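I opened the notebook to look up the annotated active site and what surrounds it. The sequence and structure come next.

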Amino acid sequence: MKGAIKEFLQSLVIAGILAFFIITFVAQSFVVDGGSMAETLQDGERLFVNKFIYRINPPERGDIIVFSPRGAPAQKYIKRVIGLPSDTVYIKDGVTYVNGEAIEEDYIKDKTVGDFGPYEVPEESVFVLGDNRNHSADSRFESIVGYVDYDSISGKAFWVYWPLSEMRLIEHHDYDLSFEN
C-alpha cells in the first residue's frame, strides 16, 4: 500500500511539473469573452494559444493573438494583428489601409463605421483590431488597448476545442501587400 501511495504522489508531482512547463512555455487555454472577434470567434468558445511561437518569430499581419491590454493589464484580450512595427495603419470609408494599401478583410462582420488614424506602429509593438470592428476595444483606443507591446503578447490562437461541435483550427489571414517594410 505504501508503494502505491508513493507511486501516486510521484506521478502527481511529475504531472504538476509537466503542466506548469506546458502552461508557462508551450500552450495555454483561453476563453473568448465577448463578441469583438465575431464571426471568426464566438463568445464562450475555448481555444488553445501557442505561447512558444513568438519566442522564435515575431507576430505577423493576420495573426490572432491573446495579450494583456495596456488599460487592463490583469485581463486578456484576443484580436487580429493588422500592423507591424513601422507600419502606418488607418481606416477610411470602412476600408483598412496598411502603408497606404487597402487590405482585403473578408472575415470582418460589418463595414467599420467612422474613420480612424493614421497610426504609426512603434518598434516592438503591433496594431490590433477586432474582427467585429464596431464592437471592439482595440488599438484604435489608446487608453484601453493602444499599441500592443511584444512583451504583453501571451501567444497565437491556434485551435478552438470547445464546444465540440465547433472544434477547428483557427484561420489566420495572410495579407498580400505589394511591398513590405
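My entries follow, from confidence to site.

Confidence. I noted that this is a predicted model, in which local features need pLDDT of at least 70, side-chain atom pairs count only at pLDDT 80 or more, and totals for chains, interfaces and linings use all residues. Residues are numbered from 1 along each chain as its sequence is written, and side-chain values use heavy atoms, with hydrogens and water left out. I looked up pLDDT, the predictor's confidence in each residue, from 0 to 100. The protein chain averages 87, and 92% of the residues score at least 70. Among the elements, helix α1 (residues 2–26) has the lowest mean, 72, and strand β9 (residues 125–129) the highest, 97. Helices (H or I, at least four residues) and strands (E, at least two) are DSSP runs, numbered from the N terminus.

Site. The unreviewed UniProt entry gives Ser36 and Lys79 as "active site"; such annotations may be inferred rather than shown by experiment. The two span 44 residues in sequence, yet their C-alpha atoms are no more than 7.8 Å apart, so they gather at one spot.

Ser36. I found serine 36 in the loop between β1 (27–31) and β2 (46–50). Serine 36 is buried, at 13% relative accessible area (buried means under 20%, exposed over 50%, partly exposed in between, with a 1.4 Å probe and protein chains only). The side chains of serine 36 and lysine 79 share a polar contact of 2.7 Å (a pair of N or O atoms within 3.5 Å; within protein, one must be able to donate a hydrogen and the other to accept it, and residues adjacent in sequence count only if both atoms are side-chain atoms).

Lys79. Lysine 79 sits in strand β4 (residues 77–83) and is buried, at 3%.
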